Structure formats: C-alpha cells, structure tokens
Amino acid sequence: GWVGAADVVVAGVGMQRNVALAEAAGLDVEGGVITDEFGRTSAQGVYAAGDVAAVWHPRFGRRLRLETWRHAQNHGIATGRAMAGVLEPYDEIPWFWSDQHGANLQMAGLLDGATRDVWRGSPEDRSFAAFHLDGDGRVLAATGVDAMREIRAAQTMIRAAVPVDVAALADPASNLQRLVAGLRG
C-alpha cells in the first residue's frame, strides 16, 4: 500500500440505519424505511421519520435520506402533524451547518443537476459562497464559509426555482435581499 506524509487527513465516519424492526414488520425498506411525503410507510397507520426514513420529497421528485439534526427534527414534526390529520407535504430545502476551526460551514439544497458555480467572494477572503446553478440559471444549491446571509438567501432562491441574475449574484456589492425580493414579486 501507499504510505506518505500529509498535511491534513479527513476521516468520514458514516452511519448505518437500523431497519431490522421495520423489515421484520414487513415494511418496504430501501436504504431506509420508505415513506411518502407525509411520513406514511407501506403499512396502514405506520409512520417513520428522521434519519431512518427514505422520504419522498415532492420538490425534488425523488426519495431523500438525510442525516442532519434539523431534518430529523422537522421531518419528525411534519410526520407527527400528519399522524394528527394535518397533511402538509414535507418539502423543506436540505440544509446543514458545522463550525470547524473557527469557521462556519453551511450547505443548502442538492447539487444534482448543477452545471455551473457562481462565486460570491473568494476563499482568500475567508467569507464566501458558491451558488450551484442548473443550465437555466436556477440556484439548486449553495455552499458557504462564514456566509450565513448568502445561504439563507440561497434557500429562498432554491424554493423559487426561477433563473436568477447571475451578475448580481456574483457581485458582493449587490444587495442579495433585493435580488431575493425580486424572485418573490
């Protein structure tokens, strides 16, 4: 094997969903307990939520298995509401954050289908965001370092699902709130 020196080593430690009980109960399982957008499983009256669920996401038109505390919390709330008879599809924009070595890292959306990256700021500034767009100029996802405002705005752009003004998006001097307000109006 290869042995060498490195300045940085990154270890990604994952998780494995415990779906044994769901399988034993006869629920449909595919990398997680399969649910619809309301948290309902393949068995009448049985629901699943959070990390164990492979959730149908209507915004993205496919099942998602997300492993963040915010998803587990909000999907649990949405599924609980569905159990109480309030059927509102769970369609939140995926989002996570982590604080590492004095920097706040965030990501919103999904990169699937992104063909272009638009940078706002630069890594040398230690505060920047990259917006990931599809071929039509719609924001699908964003990643950022110490760029909370930009990621919050990106979530609105992702929900709007319309092309954005790329020049304004890339210009740190342009007002993101004004750009986002234009998407709503």
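Contact is taken here as heavy atoms within 4.5 Å. The structure described is a predicted model.

In this model, helix H3 lies across five strands, namely E4, E5 (103-109), E6, E7 and E8 (139-145). The helix runs at about 170° to E8. H3 comprises the 13 residues 148-160. At 1.5 Å a residue these should span 18 Å, and the end C-alpha atoms are 19 Å apart, so the helix agrees with the expected length. The buried residues of H3 are Glu-150, Ile-151, Ala-153, Ala-154, Gln-155, Thr-156, Met-157 and Ile-158. Just after the helix, Ala-161 adopts a positive phi of about 55°.

The strands crossed by H3 form an open sheet in the order E4-E5-E8-E7-E6, with antiparallel pairing. Strand E4 (95-100) and strand E6 (116-120) are the edge strands, each pairing on one side only. From one strand to the next, the twist averages 15°.

Within this sheet, strand E7 (residues 128-133) is joined to E6 by five bridges, and the two strands run antiparallel. E7 also pairs with E8 in the antiparallel sense, over six bridges. His-132 of E7 stands opposite Asp-117 and also opposite Ala-141 in E8. E7 and E8 form a hairpin with five residues between them. In the turn of this hairpin, Gly-137 has a positive phi of about 90°.

E7 is mostly covered, six of its six residues being buried. The side chains divide between two directions: Phe-128, Ala-130 and His-132 point one way from the strand, whereas Ala-129, Phe-131 and Leu-133 point the other way. Burial applies to both sets. His-132, which stands opposite Ala-141, is thus described as buried along with Phe-128 and Ala-130.

A further site was examined at Trp-56, which lies in strand E2 (residues 53-57). Trp-56 has 32% relative accessibility and therefore counts as partly exposed. Leaving aside neighbours within four places in sequence, Trp-56 is in contact with Thr-35, Asp-36 and Glu-37, with Gly-61, Arg-62 and Arg-63, and with Tyr-90. Of these partners, Glu-37 is 19 residues from Trp-56 in sequence, and the C-alpha atoms of the two residues are 5.0 Å apart in space.

Terms used. Residues are numbered from 1 along each chain as its sequence is written. This is a predicted model: local features need pLDDT of at least 70, side-chain atom pairs count only at pLDDT 80 or more; totals for chains, interfaces and linings use all residues. Side-chain values use heavy atoms; hydrogens and water are left out. Helices (H or I, at least four residues) and strands (E, at least two) are DSSP runs, numbered from the N terminus. Buried means under 20% relative accessible area, exposed over 50%, partly exposed in between (1.4 Å probe, protein chains only). The expected span of a helix is 1.5 Å times one less than its number of residues. Two strands pair if DSSP finds at least two bridges between them. Axes are lines fitted to C-alpha atoms, for helices over the stretch in contact, and angles run from 0 to 180 degrees between N-to-C directions.
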